[in-house]
Amino acid sequence: MNANKSNLQRVLEAGAFAVTAECGPPRSADADVVIRKGLLLKKFVDAVNVTDNQTAIVRMSSIAAAAILKSVGVEPVFQMVCRDRNRIALQSDLLGAAALGLRNMLCLSGDHQKFGNQAQGKNVFDIDSMQLLRTVTDMTEKGRFIGDEFVMDVPPRIYPGAAENPFADPFEYRAARLEKKVESGARFIQTQCVFNLEKFATWMKEVRKRGLHKRVHILAGVTPLKSAGMARYMRDKVAGMDVPDAVIKRMEPFKGPEARAEGIRICIETIQKLRKMEGVAGVHIMAIEWEEAVPEIVEKAGLLPRP
Amino acid sequence: MIVGERKPFGEIQGLLGGYNNILLVGCGTCVKVCFTGGDKEVAVLASQLRLAGAKGKKKAAIDEMTVERQCEIEFVDEVAKKFKGHDVIMSMACGAGVQMLAERFPDTPVVPAVNTTFLGLLQKQGHFVENCQGCGTCVLGAFGGICPVSRCAKSLFNGPCGGSQGGKCEIGGDTPCAWQQIIDRLTKLKQLDNLKAHVPPKNWSTARHGGPRKLIREDNIL
Amino acid sequence: MCAMKITALCCHNALYAGLEPGEISRAYVEGVQIIETPCSGKVDPIYLLKAFEKGADCVVVLACDQRLCATIEGSKRIHKRIERTKQLLAEAGLDPERLVLRIVRRPALTSLDVLFKGIKEATKGILDNSLNDTSSMPQ
């Protein structure tokens, strides 16, 4: 039965502390960029997320880039946002992804298109991320499409996950929303990057109270900071991000390579604290346009070798 | 009510360029209420067009009239009384009114002066907000009377996205997060548990996605 | 060069705090047309645009100080309406500076001379070429 499971699924279900990272596909048709990033991360992570037109900027499609990663032996997590595709396209792409041997997937709402380079486009949002999760579950477990009696002879085998942001509002509702995602079939969760450990711990407490940590594997997001400027930018300009002043103060005295070194240090410390929290099943390292930092972080956080 | 905004003046001049005999028609209902296309706005636009044209060699003649509603033929027929073979009719009504005029006067070009924007309400003095998208399957009862289709920028049905912060939507412009509002309202009504149930994919075929819609009331036809 | 034509819309309450009823209609000063308004709150952009359409080079609105408005909230409205009308004038290609708002403290208008002096002073420095001067029209 294990042969049917993805590497990520096996690692999480074995109870090992999982490590995933993120790879942003290029704004071009260059497959080599994807291969380079993939090979860089290969030995250091259990799976690599490939974003789906993140911040609504057109990039190589997540499924295509994920298939390229798979072709060089890197296990991908392809992402699907609800912003750009209707239920026909989403279900169709799920079949295609499964046919290409892609297993892990992340269901997301998607950043509003006004943030990207196609702000004049229509958005879709035919179904939301919760409905997408259920759709994946129904396709995988029952071989059924939305609202159709037809049963597929070869259903897709997808290991679905969802994102959750413990720092977004309404804060009191976030654990309830996680529960709903679990009910909808989410098997793993990747959170928004954690800088505010206190707030994250509060969220985890709520999560544990509802017993959700036993029903879904939660990977806490982390991001290494490159500079104080980057920290401030994330605090002020990125929706749903919580960067405490204490973190910014730590970055402020440093510039250039020293700042990056401090950013990596903070990231490693965060990972070590997260490992100690009950219910945290792994980390998801989002080193935005800095994938080279991941090997150092994984190694120094004591997460090698990967199972 | 339907809300719209007057087109930029330059665009209006462009639409009327080359015409000498203009009939400007206002509407006394929705667009009057949002200070866009009622009798006052017709008078102001006509005056502006005359002032703008004053320096030119040829001055276009501009006639003005306003009817109760441009979406009903009974009222649009009154325009015929003032219509004297004008070269062009410019309507200050919403898109529906413009099209009714075009149907009534098929031999005359009919152009819009207004960009029709949304279905909404007057929240407070001078503030009009969108709150209905005419989706054809109203589910306001489940969400404490707050519409996730029109007021959530992503039309989500199962709770807020991760971009909700301080009660505001990630798109900015002070837009409230509809889901924060829904949660607050249902909490007040002690109905927050309503949100536990999974809301399945919406039937969009009753919305514009299913094609242009119509309503036929046989019981009202003689 | 023609004399500048000015239309002045004056709040009735501001005028008659200091002047006798009928004084305005008896007086005449070259180039200034006085229009009495029941309150500056009644002044809509269309009246101002029409004044320009009828040939005014400048339009002056005399409104009472908000704290002294006889209709309590009437003169509160005039400021935003003047701003709006300036936008409308600019769209139509006219210099918005030709529209002037002057706040009056009743009973400051104690005589016709004071009134007309105030109006002329308010329009001083605004472009002299009349809108109706044919010599300045594009050929």
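A residue is called buried when its relative accessible area is under 20%. With this cut-off in hand, the reader may turn to strand 3 of chain C in this predicted model.

Strand 3 of chain C spans residues 58-64, and 7 of its 7 residues are buried, so the strand is largely enclosed by the rest of the structure. Its side chains may be followed in two sets. C:Cys58, C:Val60, C:Leu62 and C:Cys64 point one way from the strand, while C:Val59, C:Val61 and C:Ala63 point the other way. The residues of both sets are all buried.

The strand also has partners within chain C. Strand 1, made of residues 6-11, pairs with strand 3 in the parallel sense over 5 bridges. In this pairing C:Leu9 stands opposite C:Val61 of strand 3. Strand 4, made of residues 99-104, likewise runs parallel to strand 3 and is joined to it by 6 bridges. Here C:Val60 of strand 3 stands opposite C:Val100 of strand 4.

The next topic is the interface of chain B and chain A. The size of an interface is often given as the accessible area lost when the parts come together. Between chain B and chain A the buried area is about 2400 Å², and carbon and sulfur atoms give 52% of it. On the side of chain B that touches chain A, the residues divide into 13 nonpolar, 10 polar and 4 charged. The contact takes 27 residues from chain B and 29 residues from chain A. Between these chains, 19 residue pairs are in polar contact, counted where both residues are at pLDDT 80 or more, whereas 0 salt bridges are found across the interface.

Definitions and conventions
Residues numbered from 1 in each chain as written. Chains lettered and ligands numbered in written order. Predicted model: local features only at pLDDT ≥ 70, side-chain atom pairs only at ≥ 80, totals over all residues. Heavy atoms only, no water. Contact = heavy atoms within 4.5 Å. Buried area = accessible area lost by both parts, 1.4 Å probe. Salt bridge = Lys/Arg side-chain N within 4 Å of Asp/Glu carboxyl O. Polar contact = N/O pair within 3.5 Å; in protein donor to acceptor, adjacent residues only side chain to side chain. Nonpolar A, V, L, I, M, F, W, Y, C, P; charged D, E, K, R; others polar. Buried < 20%, exposed > 50% of the residue type's maximum accessible area, 1.4 Å probe, protein only. Helix = DSSP H or I, 4+ residues; strand = E, 2+ residues; numbered from the N terminus. Pairing = 2+ DSSP bridges.
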